[in-house]
Amino acid sequence: MKNSCLYFFAFFFLLSVQISAQEDSLQLQTRKEVKLKKNRKAKVAYNALAPAKAAFYSAVLPGLGQAYNKSYWKIPIVYAGLGAGVYFYTFNNREYNRYRDAYKRRLAGYTDDEFQDILTDKTLIDAQKQFRRQKEMSVLAMAALYVLNIIDANVDAHLRQFNVDEDLSLQPNFNVDEFTGRANYGLSLNLKF
């Protein structure tokens with residue numbers, strides 16, 4: 001147990017200590033540092049209306065907000081979801097009309113419907129209720145997908161303007177509690193401005 005604590009301590013100690021050799025006061029910049037400075041200068045200005053534009057475009061034509069955000073891979077997903085909703089609506093509507101027409105013909109006194117010796121009147125009524133419920137659910141699913149399409153475009157436009165710099169660093173650290181003399185292990189998040 002003591003050896004594992006010692007190894008754990010040594011691991012974090014070596015990670016947290018910054019070993020530096022002698023440095024020139026005129027240290028040469030690495031390519032990465034030069035590229036970072038160029039990227040900082042070339043930052044795109046914050047466009048406060050970009051999320052509103054993306055949401056408006058998606059409301060006008062589903063998928064257009066995703067195209068505005070250059071998230072082209074999401075457009076087929078939007079149309080597949082809406083297309084599935086339309087398919088299920090038309091299928092359930094067609095089946096609902098079949099069972100409803102057969103029930104109406106029975107009420108009118110005809111005995112020549114397609115379900116004549118197969119289904120009873122109660123079963124025809126239950127089938128109508130089931131297909132009407134599924135038809136309504138598919139309309140709700142299409143409306144939900146339409147709203148999600150708008151929300152996705154808005155959120156994606158917000159996140160495109162989010163600052164993702166390499167000025168954040170996460171480093172393990174090791175501290176000794178002054179009162180108890182016990183080691184405290186942890187991580188520190190450093191922000192550079």
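In this predicted model, the buried residues of helix H6 pack against three other helices: H3 (50-60), H4 (64-68) and H5 (75-107). The buried set in H6 consists of Leu124, Ala127, Gln128, Phe131, Lys135, Ser138, Met142, Asn149, Ile150, Ala153, Asp156 and Ala157. Helix H6 itself comprises 40 residues, numbered 121-160. At 1.5 Å a residue its expected span is 58 Å, and the end C-alpha atoms lie 58 Å apart, so the two values agree.

**Setting within the chain**

The protein chain contains six helices and two strands. Read from the N terminus, the order of elements is α-α-α-α-α-α-β-β. The chain has 193 residues, of which 22% count as buried. Where residues at least 6 apart in sequence are in contact, 54% of those contacts join residues at least 24 apart.

**Helix H5 and its packing on H6**

Helix H5 has 33 residues, for which a rise of 1.5 Å a residue predicts a span of 48 Å; its end C-alpha atoms are 48 Å apart, in agreement with that expectation. The buried residues of H5 are Val78, Gly81, Leu82, Gly85, Asn92, Glu95, Tyr96, Tyr99, Ala102 and Arg106. Their cover includes H4 and H6. Just after H5, Gly109 adopts a positive phi of about 100°.

Two packed helices are described by the angle between their axes and the distance between the axes. The axes of H5 and H6 come within 8 Å and cross at roughly 160°. An angle over 145 degrees counts as roughly antiparallel, and H5 and H6 are therefore roughly antiparallel to each other. Their crossing is left-handed. By class, the residues of this contact comprise 18 nonpolar, eight polar and six charged.

**Helix H3 and its packing on H6**

The axes of H3 and H6 also come within 8 Å, with a crossing angle of roughly 155°. That angle makes H3 roughly antiparallel to H6. The crossing of H3 and H6 is right-handed. In this contact ten residues are nonpolar, four are polar and none is charged. On the H3 side the participants are Ala50, Pro51, Ala54, Ala55, Ser58, Ala59 and Val60, and these meet Tyr146, Asn149, Ile150, Ala153, Asn154, Ala157 and His158 in H6. Asn149, Ile150, Ala153 and Ala157 are also among the buried residues of H6.

**Individual positions**

Three residues of H6 illustrate the surroundings of this helix. Ser138 lies in H6 and is buried, with a relative accessible area of 6%. Leaving aside its neighbours within four places in sequence, Ser138 is in contact with Gly85, Phe88 and Tyr89. Of these partners, Gly85 is listed among the buried residues of H5.

Gln128 is likewise part of H6. Its relative accessibility is 11%, and Gln128 therefore counts as buried. Beyond the neighbours within four places in sequence, the contacts of Gln128 are Tyr96, Tyr99, Arg100 and Tyr103. Tyr96 and Tyr99 appear among the buried residues of H5. The C-alpha atom of Gln128 is separated by 9.9 Å from that of Asp101, which is 27 residues away along the chain.

Ile151, also found in H6, has a relative accessible area of 44% and is partly exposed. The C-alpha atoms of Ile151 and Gly65 are separated by 9.7 Å, although the two residues are 86 apart along the chain. Gly65 falls within the range of H4, 64-68.

Outside the helices, Lys70 is found in the loop between H4 and H5. Its phi is near 65°, a positive value in a residue other than glycine. With a relative accessibility of 59%, Lys70 counts as exposed.

The table collects the accessibility values of these four residues.

| Residue | Relative accessible area | Class |
|---|---|---|
| Ser138 | 6% | buried |
| Gln128 | 11% | buried |
| Ile151 | 44% | partly exposed |
| Lys70 | 59% | exposed |

Conventions: Residues are numbered from 1 along each chain as its sequence is written. This is a predicted model: local features need pLDDT of at least 70, side-chain atom pairs count only at pLDDT 80 or more; totals for chains, interfaces and linings use all residues. Side-chain values use heavy atoms; hydrogens and water are left out. Helices (H or I, at least four residues) and strands (E, at least two) are DSSP runs, numbered from the N terminus. The expected span of a helix is 1.5 Å times one less than its number of residues. Buried means under 20% relative accessible area, exposed over 50%, partly exposed in between (1.4 Å probe, protein chains only). Contact means heavy atoms within 4.5 Å. Axes are lines fitted to C-alpha atoms, for helices over the stretch in contact, and angles run from 0 to 180 degrees between N-to-C directions. Angles under 35 degrees count as roughly parallel, over 145 as roughly antiparallel, 65 to 115 as roughly perpendicular and the rest as oblique. A crossing is left-handed if the near helix is turned anticlockwise from the far one by less than a right angle, and right-handed if clockwise. Ala, Val, Leu, Ile, Met, Phe, Trp, Tyr, Cys and Pro count as nonpolar, Asp, Glu, Lys and Arg as charged, and the others, Gly among them, as polar.
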